[in-house]
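Please look over the sequence and the model shown here before reading on. The notes that follow begin with a single aromatic side chain and then widen to the rest of the chain.

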Amino acid sequence: MKTSSGKDNINAGDPVFWLSRLETPLGPMVAGVHGGRLCLLDFADKKTLESEIKKLEILFNTRSGLGMDPLHIKLEEQLADYFKGNLTTFNLDFEIPGTDFQQAVWKSLLDIPYGQTRSYGEQAISLGKPTATRAVARANGQNRLAIVVPCHRVIGADGSLTGYGG
């Protein structure tokens, strides 16, 4: 993984979006932390990962660099507990830049209890926008915090993993 500048050396004091690779039972993932908040957790082999990193660099007006923030360690610990079945809700500071609608959709994902699912239509209804099923699905697909913000709990009306990119 390269930084946007192609360099891995960053001067102390530079604002940085720190990236770290994590191993999980689902495969390698990349976590990004900016300002002490998690703002990226996605699969390392995702085709759009590099473009997502570039978008975050623009949104945060910074550049990415390989490195560990204390939040990366906390994330690793909580992911390990989650995959062991000992954790159902993450306790991490995070930020996902997006529109007000996207923010509402992502927040509603956090309201889906561990071990339960909702359809995109049910999620749209819970947001008071019963005709916005496709927009809800699109916003779910733009969630940058896989697992932590549980878009994997949203399924198609027929019970399938319709639209799930992970």
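With a relative accessibility of 29%, F83 counts as partly exposed, because that value falls in the range between buried, under 20%, and exposed, over 50%. Its neighbour in sequence, Y82, has a relative accessibility of 11% and therefore counts as buried. Both residues belong to a predicted model, and the points below place them among the other aromatic rings, the nonpolar cores and the fold of the chain.

**Aromatic rings**

- A search through the whole structure finds four aromatic pairs.
- One of these pairs joins F17 and F60, whose ring centres lie 6.2 Å apart and whose planes meet at 50 degrees, so the pair is classed as tilted.
- This pair links distant parts of the chain, since F17 sits in strand β1 (residues 16-24) while F60 sits in helix α1 (residues 49-60), 43 residues apart.
- Both F17 and F60 are buried.
- Y82 and F83 make an edge-to-face pair, with 5.5 Å from centre to centre and 80 degrees between the planes.
- Y82 and F83 also belong, together with F90 and Y114, to one aromatic cluster.

**Nonpolar cores**

- The largest nonpolar core contains 30 residues, and those with the most contacts inside it are L38, L41, L75, F90 and V148.
- Two or more residues of this core come from each of β2 (27-34), β3 (37-43), α2 (70-84), α3 (100-110), α4 (120-126) and α5 (133-141).
- Helix α2 gives the largest share of this core, namely four residues.
- When neighbours within four places in sequence are left aside, V148 is in contact with L38, L41, L75, F90, L92, F94 and L110.
- Apart from the largest core lies another core of nine residues, which includes L19, L49, I53 and L56.

**Fold and surface**

- The secondary structure of the chain comprises five helices and six strands, which follow the pattern β-β-β-α-β-α-α-β-α-α-β when read along the sequence.
- Among contacts with a separation of 6 or more, 62% are between residues 24 or more positions apart.
- The chain has 166 residues, of which 41% count as buried.
- The chain exposes about 9000 Å², and carbon and sulfur atoms supply 51% of this area.

**Confidence of the prediction**

- The mean pLDDT of the chain is 88, and 86% of its residues reach 70 or more.
- Over residues 1-12, however, the pLDDT is below 50, although this stretch has 24 contacts in the model beyond near neighbours in sequence.

Methods
Residues are numbered from 1 along each chain as its sequence is written. Side-chain values use heavy atoms; hydrogens and water are left out. A nonpolar core is a set of buried Ala, Val, Leu, Ile, Met, Phe, Trp, Tyr and Cys residues joined through side-chain atoms within 4.5 Å. Buried means under 20% relative accessible area, exposed over 50%, partly exposed in between (1.4 Å probe, protein chains only). Contact means heavy atoms within 4.5 Å. pLDDT is the predictor's confidence in each residue, from 0 to 100. Accessible areas come from the Shrake-Rupley method with a 1.4 Å probe; for residues, only the protein chains shown count as cover. Rings of Phe, Tyr and Trp (its six-membered ring) pair if their centres lie within 6.5 Å; planes under 30 degrees apart count as stacked, over 60 as edge-to-face and the rest as tilted.
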